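Thanks for making time this morning. I would like to walk you through one model, so please have a look at it before I go on.

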Amino acid sequence: MSQALEAGKVLSFGDMTIEDRYVTLVKHKFLSTNEKVRLSLSDVHVWSANGEFVIGAKTDKKTYGSGSYKDHWNIHLLDHVVRSGFKRVLSKLVTISRVEANWPD
């Protein structure tokens, strides 16, 4: 996962798209077409609900994305990496995963 992000690849989990410094979520609209919103990691927060890992915008409760723990096999890893990064206040997922694995930068 960290190698793919470091190489500039984009990873998808459920309706979320994850990049090294950003996450793309869906802004859910009533009676209108949903739109994708790209946010930095510092602008989101995470939680778990109904068997899903959820990432949402801090400022807009209708902007969120989720992935099922049961259906997306890497969602547990994403959960761990993102939550660890919030504890360390890091802005890049590659840095977070390297710190967790004790890899050199």
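Strands β6 and β7 pair in the antiparallel sense, and DSSP finds five bridges between them; in this predicted model the two strands form a hairpin, with five residues between them. If you follow β7, which runs over residues 63-68, you will see that the strand is mostly covered, five of its six residues being buried. On β7 I would point you to Tyr 64, because two bridges can be followed from there: Gly 56 stands opposite Tyr 64, and Val 26 stands opposite Tyr 64 as well. Strand β7 also pairs with β3, again in the antiparallel sense, here over two bridges.

Let me turn to the interior. The largest nonpolar core has 18 residues, and those with the most contacts inside it are Met 16, Ile 18, Phe 53, Ile 55 and Leu 78. Several elements give two or more residues to this core, among them β3 (22-27), β6 (52-57) and the helix α2 (75-88).

Helix α2 is also the place of Asp 79. Is Asp 79 buried or exposed? With a relative accessible area of 12%, Asp 79 falls under the 20% cut-off and therefore counts as buried. Leaving aside residues up to four places away in sequence, Asp 79 touches Ser 48, Phe 53 and Tyr 69.

Finally, a word on the rings. The structure holds zero aromatic pairs, but the charged end of Arg 38 sits over the ring of Tyr 22, at 4.0 Å from its centre.

Note on methods
Residues are numbered from 1 along each chain as its sequence is written. This is a predicted model: local features need pLDDT of at least 70, side-chain atom pairs count only at pLDDT 80 or more; totals for chains, interfaces and linings use all residues. Side-chain values use heavy atoms; hydrogens and water are left out. Rings of Phe, Tyr and Trp (its six-membered ring) pair if their centres lie within 6.5 Å; planes under 30 degrees apart count as stacked, over 60 as edge-to-face and the rest as tilted. A charge sits over a ring if NZ of Lys or CZ of Arg is within 6 Å of the ring centre and within 35 degrees of the ring normal. A nonpolar core is a set of buried Ala, Val, Leu, Ile, Met, Phe, Trp, Tyr and Cys residues joined through side-chain atoms within 4.5 Å. Buried means under 20% relative accessible area, exposed over 50%, partly exposed in between (1.4 Å probe, protein chains only). Helices (H or I, at least four residues) and strands (E, at least two) are DSSP runs, numbered from the N terminus. Contact means heavy atoms within 4.5 Å.
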